[in-house]
Amino acid sequence: MSELEIRAARYRDTEDIVALWRAAGLTVPHNDPYEDIRFCRDSGQGEVLIGLLGGVIVASVLVGHDGHRGWIYYVAVHPDHQGAGHGKAIVEAAEVWLTARGVPKVQLLIRETNTGVRAFYERLGYADEPRLIMTKRFVDHTGWERRGEDEDAPAPHHAGISTTVTYLEMLERPTRPTVPAPSRPKVSLVRAKSPTVSFYRYLYDNVGGPWTWVSRRFMDDETLRDVITSPDVEIYVLWAEGVPAGYGEVNRGAKPGEVELTYFGLMPDYIGMGLGWYFINSMIDIAWASEPDRIWVHTCDLDHPRALGNYQKAGFKVFGQAVEREPDPRAVGLPFPASHRNGPMPPDGSDDRAGPGGGNDANVIPINKVIPLKR
Ligand SMILES: CC(C)(COP(=O)(O)OP(=O)(O)OC[C@H]1O[C@@H](n2cnc3c(N)ncnc32)[C@H](O)[C@@H]1OP(=O)(O)O)[C@@H](O)C(=O)NCCC(=O)NCCS
């Protein structure tokens with residue numbers, strides 16, 4: 001008897017679901033599992049249902065309908081828990097999801113290489129219905145892919161975006177005097193205690209939009225509310241004569257003794273007005289206020305070309321770089337940055353794809369080689 005706790009997946013379950021699919025052998029190069037989860041959840045026509053044992057995700061199904069038929073995908077039970085009725089339980093949960101929406105028929109596809117699973121579905125009352133399936137895949141701006149050519153090649157639209165991320169840290173509080181606020185425009189830095197999700201999204205989307213900040217755009221409201229109202233997280237808004245000109249965010253809770261400067265940036269209209277130096281140093285002072293052993297920040301090659309140099313000028317030292325993957329920004333309505341069409345920028349910034357000044361800011365202290373992450 002299965003004693004699975006079954007519920008709809010939330011954003012924060014994504015990594016565990018992808019790990020389950022990998023363990024069950026369901027991931028293939030031409031489907032991005034992260035994108036598949038996001039697309040399903042945002043479609044309004046589907047849901048990823050997960051089954052938990054003692055709080056651990058051990059089963060999943062992606063269920064949805066196309067306005068005519070119901071479909072199930074990614075039926076998986078972790079290899080350690082197969083044969084205990086969980087597969088049956090999660091498929092039945094998907095069937096209930098569909099019948100509750102008036103969908104009269106459920107269908108599924110079995111890969112030719114996975115015919116062993118056919119007996120499982122037969123036990124659950126499914127029968128083979130001979131049909132010829134024809135498909136065509138839309139590939140990003142290049143249009144429709146011709147089938148049979150290279151089906152295993154990752155589809156660009158699902159491939160996300162690779163960026164070079166630089167991690168910087170400061171191990172001692174700076175000894176400099178407090179950096180004064182500029183006299184014009186008159187600014188004040190005010191903590192936004194428990195901001196509303198809509199106000200936070202306004203800050204994040206407007207500050208981060210030009211630099212392809214996407215991770216929080218992918219978060220649902222509930223998850224984002226949990227993050228921004230966490231007692232460890234502090235959000236500060238830079239007001240310029242009553243208008244929000246930027247925001248910074250620190251997280252004091254990631255690891256004991258550490259504070260992360262999670263986000264920092266100015267609204268596009270306020271860049272180049274001489275506010276940045278005061279603002280970054282004020283955020284550094286705020287980060288140190290709880291007397292941690294270390295503060296740290298990360299920036300990537302999609303950020304403002306001066307970001308890295310300014311962090312270094314303010315006293316941060318690079319401790320690592322890594323090439324990391326972000327979801328495709330087009331999925332949340334942002335353009336795919338032209339500079340990254342052919343992959344991430346080289347870590348040393350020796351590339352002119354970002355246009356004038358891209359990666360060649362005079363403030364940047366050269367990083368001779370890619371430094372492994374030590375923290
Ligand atoms: C397919 C899968 C989800 C089954 O999960 P499970 O938890 O092992 O299955 P259950 O224990 O719920 O089995 C339900 C019934 O199917 C039967 N069954 C399960 N796998 C079977 C198999 N390979 N062959 C024959 N019968 C099988 C069980 O004996 C059980 O029968 P019962 O109700 O008479 O006792 C799991 O094996 C899995 O994750 N496989 C890898 C991923 C995969 O191939 N997914 C399907 C993609 S189309």
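What share of the contacts in the chain with a separation of 6 or more is accounted for by residues 24 or more positions apart? In this predicted model, in which local features need pLDDT of at least 70, side-chain atom pairs count only at pLDDT 80 or more, and totals for chains, interfaces and linings use all residues, the share is 67%, two residues being in contact if their C-beta atoms, placed from the backbone, lie within 7 Å. Residues are numbered from 1 along each chain as its sequence is written. The chain contains eight helices and 14 strands, where helices (H or I, at least four residues) and strands (E, at least two) are DSSP runs numbered from the N terminus. Of its 375 residues, 29% are buried; a residue is buried if 20 or more other C-beta atoms lie within 10 Å of its own, exposed if 12 or fewer, and partly exposed in between, with C-beta atoms placed from the backbone.

One open sheet consists of five strands in the order E1-E2-E3-E4-E5, with mixed pairing; two strands pair if DSSP finds at least two bridges between them. Strand E1 (5-8) and strand E5 (106-108) stand at the edges, and each has a single partner strand, so one side of each is left without a neighbour in the sheet. From one strand to the next the twist averages 30°, axes being lines fitted to C-alpha atoms, for helices over the stretch in contact, and angles running from 0 to 180 degrees between N-to-C directions. Within this sheet, E3 and E4 pair in the antiparallel sense over six bridges, and Gly64 has Trp71 in E4 as its bridge partner.

Two helices lie across strands of this sheet: H1 across E2, E3 and E4, running at about 90° to E3, and H2 across E2 and E3, running at about 115° to E2. In helix H1 (residues 14-23), the residues Ile17, Leu20 and Trp21 are buried. Seen down the axis of H1, these buried residues fall within an arc of 100°, so they line one face of the helix; the arc is that of the directions from the helix axis to the C-beta atoms. An α-helix has 3.6 residues a turn, so residues three or four places apart point the same way. The buried residues of H1 pack against helix H2 (33-43), strand E2 (46-53), strand E3 (56-65) and E4, whereas the face turned away from the buried side carries the exposed residues Glu15 and Arg22. H1 is followed by Gly25, which has a positive phi near 75°.

The ligand is surrounded by 20 residues, of which Gln82, Gly87, Lys88, Ala119 and Arg123 come nearest; a residue is counted as near a molecule or strand if its C-beta atom, placed from the backbone, lies within 6 Å of it. Strand E4 (70-77), helix H3 (86-99) and helix H4 (118-123) are the elements that give two or more residues to this shell. By class, the shell has ten nonpolar, eight polar and two charged residues, where Ala, Val, Leu, Ile, Met, Phe, Trp, Tyr, Cys and Pro count as nonpolar, Asp, Glu, Lys and Arg as charged, and the others, Gly among them, as polar.

A further open sheet is formed by seven strands in the order E9-E10-E11-E12-E13-E8-E14, again with mixed pairing. Its edges are held by strand E9 (187-191) and strand E14 (317-326), each with a single partner strand, so one side of each is left without a neighbour in the sheet. Neighbouring strands of this sheet are turned by 25° against each other on average, direction ignored. Strand E10 (residues 233-240) and strand E11 (residues 243-251) pair in the antiparallel sense over eight bridges, and Leu238 has Gly246 in E11 as its bridge partner. In the hairpin of E10 and E11, with two residues between the strands, Glu241 takes a positive phi near 45°. E11 and E12 also pair in the antiparallel sense, over six bridges, and the bridge partner of Gly246 in E12 is Leu266. Helix H7 (residues 276-288) lies across E9, E10, E11, E12 and strand E13 (294-300), running at about 160° to E12.

Phe316 is found in the loop between helix H8 (307-313) and E14, and is buried, with 23 other C-beta atoms within 10 Å. Residues up to four places away in sequence not being counted, Phe316 touches Leu168, Glu169, Met170, Val297 and Tyr311. Phe316 and Leu171 are 145 residues apart in sequence and 8.5 Å apart in space, C-alpha to C-alpha.
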